[in-house]
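Trainee: I've just opened this one up and I'd like to understand the words people use for it. Can we walk through them together?

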Amino acid sequence: MSSSAAPRVVRAASARRIALAAQGFHGLRPAGPVTTRSLQRVIDRVGVVQIDSVNVLVRSQYLPFFSRLGAYDRDLLDRARDRAPRRLVEYWAHEASLIPPATWPLLDFRMQRAHADAWGGMRRVARDHPDLVAQVLAEVQGHGPLTTRECEARLAADVVRPTEHWGWNWSLVKNALEHLFWAGDISSAGRTAQFERRYDAVRRVLPPTQRAAADPASRPAPAEAFVELMRIAARAHGIATVQCLRDYVRLSPEQAAPALETLVGAGELEPVTIEGWNRPAYLHVDAARPRAVHAEALLSPFDSLIWQRDRTHKLWDFHYRLEIYVPAPQRVHGYYVLPFLFGDRLVGRVDLKADRAAGALLVQGVHWEVHADVAARRALGRQLEQMADWLDLDRVTGPGMEETR
């Protein structure tokens with residue numbers, strides 16, 4: 001990757017616009033109703049959509065599509081995930097994520113390390129209860145899709161649920177299912193309304209064009225997969241450092257470095273320097289380079305635009321910290337805080353809650369950056385009204401509304 005010529009310098013403002021265009025924030029939103037084809041364009045751009053169980057506003061996987069497309073029927077996304085032939089399947093990519101079916105076999109290297117890298121309960125059940133794991137696999141392959149409770153009922157399992165750690169009180173059957181899911185032996189046919197995975201055989205989840213990947217022997221070798229995963233990340237970033245690229249699907253430096261060298265050698269990535277950033281960066285040769293971007297969007301705390309916090313800070317001068325897991329007295333900006341994108345800058349953050357019983361979108365707090373102006377405040381007001389309508393809430397209220405006027 002060495003070169004006698006110094007990498008050209010990309011101005012920070014230009015890098016911001018390239019990044020926004022790569023993530024689908026450049027261009028007009030659909031004039032009419034959002035269709036499955038509209039969602040597919042977003043999927044093709046971002047490549048990975050993070051899932052999270054927090055539902056204080058709306059499940060996080062729905063928000064990136066609203067941010068880029070405006071109001072849409074959330075059932076469209078559910079159908080893309082839950083109905084054959086699926087446009088999205090679930091696996092551990094960045095974190096728990098929705099990914100195109102073609103990406104799933106690229107993560108076989110992670111599946112092969114389920115016994116070593118999965119969380120403790122999954123490793124223990126595979127080590128200590130292999131017979132149970134085999135029984136669970138047989139039940140899912142023979143009778144899926146099944147939720148954990150349905151699988152437990154079929155096995156008539158003796159479920160012991162410790163209560164001292166509410167988030168981790170999984171039964172042995174749940175741990176077995178999660179081990180098999182991590183290992184790629186089973187997949188998810190979607191989620192219930194209560195956010196439970198519906199485990200199913202891989203051959204029934206993958207669409208016909210990808211069904212051969214149910215056989216581990218047909219999946220790409222790790223080195224080939226790393227190149228393709230870095231290629232997906234590079235397209236989704238437009239311009240990025242190696243740290244940004246490998247964070248997209250959590251690759252290690254050792255996995256990412258040869259893949260990056262391959263992409264640079266093939267001319268797909270150009271080494272550049274981003275103004276104000278002391279790390280080497282890489283520009284995708286096909287990245288759009290707009291002269292201006294004007295976006296107005298509330299971003300999920302788990303939006304792929306802001307996954308890599310150092311990149312968010314360097315490109316937008318925006319220090320973002322997820323405070324969901326911070327004790328309430330120590331929070332600075334709130335519990336479920338959405339950054340607000342206006343123009344090509346991150347200009348503020350909003351702590352939101354959907355009070356479904358009262359039919360209200362609660363604006364619990366708004367914090368502006370110093371460069372936010374009156375136009376940004378009014379734009380936030382419009383976006384909040386659109387979000388309330390999208391979530392079938394009757395009004396927007398709360399102390400933070402004073403900051404939108």
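**Talking through the terms**

Mentor: Let's start with two helices that touch: V125, A126, R127 and D128 in α7 meet P130, L132 and V133 in α8. Before we go on, this is a predicted model, where local features need pLDDT of at least 70, side-chain atom pairs count only at pLDDT 80 or more, and totals for chains, interfaces and linings use all residues. Residues are numbered from 1 along each chain as its sequence is written, and side-chain values use heavy atoms, with hydrogens and water left out.

Trainee: What makes it right to say that residues of α7 "meet" residues of α8?

Mentor: Contact means heavy atoms within 4.5 Å. V125 in α7 and L132 in α8 are among the residues that meet. The names α7 and α8 come from DSSP runs, numbered from the N terminus: helices are H or I with at least four residues, strands are E with at least two.

Trainee: Why is α7 called roughly perpendicular to α8?

Mentor: Their axes cross at roughly 100 degrees and come within 5 Å. An axis is a line fitted to C-alpha atoms, for helices over the stretch in contact, and angles run from 0 to 180 degrees between N-to-C directions. Under 35 degrees counts as roughly parallel, over 145 as roughly antiparallel, 65 to 115 as roughly perpendicular and the rest as oblique. So α7 is roughly perpendicular to α8.

Trainee: How do you know which residues of that contact are nonpolar, polar or charged?

Mentor: By residue type: Ala, Val, Leu, Ile, Met, Phe, Trp, Tyr, Cys and Pro count as nonpolar, Asp, Glu, Lys and Arg as charged, and the others, Gly among them, as polar. The contact of α7 with α8 then divides into 5 nonpolar, no polar and 2 charged.

Trainee: And what makes α12 roughly perpendicular to α14?

Mentor: Helix α12 (residues 222-237) and helix α14 (residues 253-265) pack at about 70 degrees, with their axes 8 Å apart. That angle makes α12 roughly perpendicular to α14. Their contact has 7 nonpolar, 2 polar and 1 charged residues. F226 and M230 in α12 are among the residues there, as are A259 and L263 in α14.

Trainee: Why is Y336 called buried?

Mentor: Buried means under 20% relative accessible area, exposed over 50%, and partly exposed in between, using a 1.4 Å probe and protein chains only. Y336 has 1%, so it is buried. You'll find Y336 in the loop between α15 (309-316) and β11 (337-343). Y336 and L57 are 279 residues apart in sequence but 7.8 Å apart in space, C-alpha to C-alpha.

Trainee: Then why is D215 called partly exposed, and what is D392?

Mentor: D215 has a relative accessible area of 42%, so it is partly exposed. D215 lies in the loop between α11 (202-205) and α12. D392 reaches 62%, so it counts as exposed. D392 also has a positive phi near 60 degrees, in a residue other than glycine.

Trainee: How do you know that R250 is partly exposed?

Mentor: Its relative accessibility is 35%, so R250 counts as partly exposed. R250 sits in the loop between α13 (242-247) and α14, and its phi is also positive, near 60 degrees.

Trainee: What makes strand β9 largely enclosed?

Mentor: 4 of the 5 residues of β9 (residues 280-284) are buried, so the rest of the structure largely encloses it. Helix α1 (residues 12-22) is mostly covered too, with 9 of its 11 residues buried.

Trainee: How do you know that β8 and β9 pair?

Mentor: Two strands pair if DSSP finds at least two bridges between them. Strand β8 (residues 269-274) and β9 have 5 bridges, in the antiparallel sense. T273 stands opposite P280 in β9. On top of that, β8 and β9 form a hairpin with 5 residues between them. Strand β7 (residues 239-241) is joined to β9 by 3 bridges, also antiparallel, with A240 opposite Y282.

Trainee: What makes β10 and β14 edge strands?

Mentor: Each pairs on one side only. They belong to an open sheet of 5 strands in the order β10-β11-β12-β13-β14, with mixed pairing. Inside that sheet, β11 and strand β12 (residues 345-355) pair in the antiparallel sense over 6 bridges, and L338 stands opposite V350 in β12.
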